[in-house]
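Subject: Structure for your review

Hello,

The structure we discussed is below, followed by notes on what was found in it. Please read them with the model open.

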Amino acid sequence: MKDRGKAEFFRGRQEQLEAFNKLVERAEKEKSGTIFLVQGAPGVGKTAFLEECEEKMDKETWDVIWCDPDVLWDVNQLRKSLRLGNQVQIAKSFIELGVESLIKIGVYFKLADRTIIGSINNRRKKRGLLLILDEIQDLGKKASPPDKVAERRVRNTLYQMHNWRIKKPFILLVGGLGMSKSVLKQYGVSRFNRKCAFNLGALNKEAETEIMKQYMTKKGGVHENNPNLHHWIHTIMTETQGWAHHITGYGIILSEQLKESQGVLNEKELEQVLKKGEEERFSYYEQRVEDIDIQKRKLIASLLKKKIPDMSEDDVVSFFQKTFDYEKSKDLFDTALEKGVFHQNEDGAFVVPIPSMQTWMLHRFGHGDKG
């Protein structure tokens, strides 16, 4: 379920937003819909994008529901998320009469549709329905269907959602880590409609500059014509490298320092901002590897030192097998992928998604017993 606050200043992602807007138009025109996927490494801004779509569709008077993977196989969880109850309330005295007696006295009732797709089709409060499912990669591991029956329901549900079988304007908007597309493929979603699946990367410099400027002027109290504004932004951007999580972290630290110093920064204060931001970055990287023991972190760092071009899964696992058996090597690869230490880029190669994180790992764990 949704558990993070909305991005304070959202900029960029124009290609993805335009594609989403076109899908909305088509869904309303055809009174149907499909799946829209955004995937990327932790901290790249996936949830911020989902929240931007949520805000847009609220204004478009669509129903917007955040949900967990279990709604794909558990109709009760779906109906709870959709805030649907039974379509009729049957009094105890009516139950005691029995169905035949009710028919004889002309009482007719219809029970609520107990199928997942039927429940979605029956929700007609607003113009359309946007279901938002974040961390979709959990469907492949942490929140996988409990049995074969549930697996079939997931496959059937996704098939109907993906292939425009919903009988009302509808979009299943999903976000997740880089393996999300592969997880969906396991359940039959192999090809997406044109421009309905995106890999998010770092923000471009224009978007990053605008966000940092907003933190300084809107929250830090700096005048837009301050001659030092460009210098401060450029200095911070050398550390954030377009990564949404870092931009937000440095932006908050910077705006707080600016408020404290009445909208100006000397070089010493700017250095303090950089130091605090670096501490937050390193803490974030520590969180990414907290489930990987020191020996395995050093092994990953030694792999990164090799600088293997276009590193494949086989390359990674084979390197790990110099130390562990295949099963442990594959498990380490999967863990590193799940934690965002590795990410599969659009070319299919596996990389450390944040350049400064790779530098940190090499420095922290790439020097033998100094790790």
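The largest cavity has a volume of about 40 Å³. Note that this is a predicted model, and that every value here is computed from it. The lining of this cavity consists of G40, A41, P42, L177, G178, M179, L337, G340, F342, H343 and Q344. Sorted by class, these are 6 nonpolar and 5 polar residues, with no charged ones.

How many cavities of 30 Å³ or more are there? The count is 2. As background, empty space left between atoms is found by rolling a probe the size of a water molecule over them.

The second largest cavity holds about 30 Å³. Its lining is made up of H245, H246, G249, Y250, I253, G277, E280 and R281. Two elements, helix 11 (244–260) and helix 12 (267–288), each give two or more residues to that lining. Helix 11 provides the largest share, 5 residues. By class, the lining of the second largest cavity splits into 2 nonpolar, 4 polar and 2 charged residues.

Next, the helix pair around that cavity. In general, a pair of packed helices is described by the distance between the axes and the angle between them. For helix 11 and helix 12, the axes come within 9 Å and cross at roughly 145 degrees. The crossing of helix 11 and helix 12 is right-handed. On the helix 11 side, the contact is made by H245, H246, G249, Y250, I253, L254 and Q257. On the helix 12 side, the residues are E269, Q272, V273, L274, K276, G277, E278, E280, R281, Y284 and Y285. This contact of helix 11 with helix 12 contains 7 nonpolar, 6 polar and 5 charged residues. H245, for one, lines the second largest cavity and is also part of the helix contact; E280 likewise appears in the cavity lining and in the contact.

Two residues in the loops on either side of helix 11 have backbone angles you may want to check. Q262 sits in the loop between helix 11 and helix 12, and its phi is near 55 degrees, a positive value in a residue other than glycine. Q262 has a relative accessible area of 67% and is therefore exposed. Q241 is placed in the loop between helix 10 (229–240) and helix 11. The phi of Q241 is near 55 degrees, again positive in a residue other than glycine. Is Q241 buried, partly exposed or exposed? Its relative accessibility is 33%, so Q241 counts as partly exposed.

On to the pockets. The second largest pocket encloses about 310 Å³ of space. It is lined by 14 residues, and those nearest its centre are M179, V183, Q186, D334 and L337. Helix 8 (180–186) and helix 15 (326–338) each contribute at least two residues to this lining. The lining of the second largest pocket has 4 nonpolar, 6 polar and 4 charged residues. M179 and L337 belong to this pocket lining, and M179 and L337 also line the largest cavity.

S180 is a residue of helix 8. S180 counts as buried because its relative accessibility is 0%. Which residues does S180 touch, leaving aside its neighbours within four places in sequence? The contacts are L37, Q39, I136 and Q137.

One further site is D70, which lies in the loop between strand 2 (63–66) and helix 3 (75–81). With a relative accessible area of 23%, D70 is partly exposed, since the buried class ends at 20%. The C-alpha atoms of D70 and L139 are separated by 8.4 Å, although the two residues are 69 apart along the chain.

Some totals for the protein chain, to close. Its secondary structure comes to 16 helices and 7 strands. Of its 371 residues, 48% are buried. For contacts between residues at least 6 apart in sequence, 76% join residues at least 24 apart.

Regards

Notes
Residues numbered from 1 in each chain as written. Predicted model: local features only at pLDDT ≥ 70, side-chain atom pairs only at ≥ 80, totals over all residues. Heavy atoms only, no water. 1 Å grid on protein atoms, 1.4 Å probe; cavity = no way out; pocket = protein on both sides within 12 Å on 5 of 7 lines; lining within 4 Å. Points joined across faces, edges and corners; volume = space filled by probe spheres on them. Helix = DSSP H or I, 4+ residues; strand = E, 2+ residues; numbered from the N terminus. Nonpolar A, V, L, I, M, F, W, Y, C, P; charged D, E, K, R; others polar. Axes fitted to C-alpha atoms, helices over the stretch in contact; angles between N-to-C directions. Left-handed = near helix turned anticlockwise from the far one by under 90°. Contact = heavy atoms within 4.5 Å. Buried < 20%, exposed > 50% of the residue type's maximum accessible area, 1.4 Å probe, protein only.
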